[in-house]
Amino acid sequence: QEKTAMYKQQLLESKPLYYNTNEVCSVWFEASEVWEIRGADLTLSPVHTAAIARVHEARGISLRFPRFINLRPDRKPEVCT
């Protein structure tokens, strides 16, 4: 309930211009938390743009089977990838 209330206060009307993704979402939030996650593998993605043109000219990299590990209150979203 606490997180739901927090995220409702951070709803945006549309995708911010500085968000670099081809993802089509019905809801957008202002970045406010940093989560530490782990994944099983990295895969090429036609939607995600991380490292685009470094491994493939038109595809980025996505994390396969991401899992939440920890909240990182010591980090700001602006300095994380």
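# Exercises on a predicted model

Ala-51 is partly exposed, with a relative accessible area of 31%. The structure to which this value belongs is a predicted model, and the exercises below work through its loops, strands, aromatic rings and pocket.

**Exercise 1. Locate Ala-51 and Phe-65 in the chain, and describe the backbone and the exposure of each.**

Solution. Begin with position: Ala-51 lies in the loop between E4 and E5, and Phe-65 is found in the loop between E5 and E6. Next, take the backbone angle, which for Ala-51 is a phi near 60°, a positive value in a residue other than glycine; Phe-65, which is not a glycine either, has a positive phi of about 55°. Finally, turn to exposure, where the 31% of Ala-51 falls between the limits of 20% and 50%, so that Ala-51 is partly exposed, whereas Phe-65 at 53% relative accessibility is over 50% and therefore counts as exposed.

**Exercise 2. Set out the secondary structure of the protein chain and the order of its elements.**

Solution. The count comes to 1 helix and 6 strands. Reading from the N terminus, the order is α-β-β-β-β-β-β. To this may be added the extent of the C-alpha trace, which spans about 40 × 30 × 20 Å along its principal axes, and the burial, since 12% of the 81 residues count as buried.

**Exercise 3. Describe the surroundings of Ser-45 and of Ile-69, each of which belongs to a strand.**

Solution. Ser-45 is found in strand E4, residues 41-45, and with a relative accessible area of 6% it is under the 20% limit and therefore buried. Leaving aside neighbours within four places in sequence, Ser-45 is in contact with Arg-59, Gly-60, Ile-61 and Ser-62. A polar atom of the Ser-45 side chain also lies 3.1 Å from the backbone nitrogen of Val-47.

Ile-69 has its place in strand E6, residues 67-71, and is partly exposed, with a relative accessible area of 35%. Not counting residues up to four places away in sequence, Ile-69 touches Glu-36, Ile-37 and Arg-38. Ile-69 and Trp-28, by comparison, are 41 residues apart in sequence and 22 Å apart in space, C-alpha to C-alpha.

**Exercise 4. Classify the ring pair of Tyr-18 and Tyr-19, and state whether each residue is buried or exposed.**

Solution. The count of aromatic pairs comes to 4. For the rings of Tyr-18 and Tyr-19, the centres are 5.1 Å apart and the planes stand at 80°; because this angle is over 60 degrees, the pair is edge-to-face. Tyr-18 is exposed at a relative accessible area of 56%, while Tyr-19 counts as buried at 18% relative accessibility. Together with Trp-28, Tyr-18 and Tyr-19 form one aromatic cluster.

**Exercise 5. Characterise the largest pocket by its volume and its lining.**

Solution. The largest pocket has a volume of about 1,600 Å³ and is lined by 31 residues, of which Tyr-19, Ala-31, Glu-33, Cys-80 and Thr-81 lie nearest its centre. The elements that give two or more residues to this lining are strand E2 (28-29), strand E3 (35-38) and strand E5 (60-64). Sorted by class, the lining has 17 nonpolar, 8 polar and 6 charged residues.

Technical notes. Residues numbered from 1 in each chain as written. Predicted model: local features only at pLDDT ≥ 70, side-chain atom pairs only at ≥ 80, totals over all residues. Heavy atoms only, no water. 1 Å grid on protein atoms, 1.4 Å probe; cavity = no way out; pocket = protein on both sides within 12 Å on 5 of 7 lines; lining within 4 Å. Points joined across faces, edges and corners; volume = space filled by probe spheres on them. Helix = DSSP H or I, 4+ residues; strand = E, 2+ residues; numbered from the N terminus. Nonpolar A, V, L, I, M, F, W, Y, C, P; charged D, E, K, R; others polar. Phe/Tyr/Trp six-rings, centres within 6.5 Å; stacked < 30°, edge-to-face > 60°. Buried < 20%, exposed > 50% of the residue type's maximum accessible area, 1.4 Å probe, protein only. Polar contact = N/O pair within 3.5 Å; in protein donor to acceptor, adjacent residues only side chain to side chain. Contact = heavy atoms within 4.5 Å.
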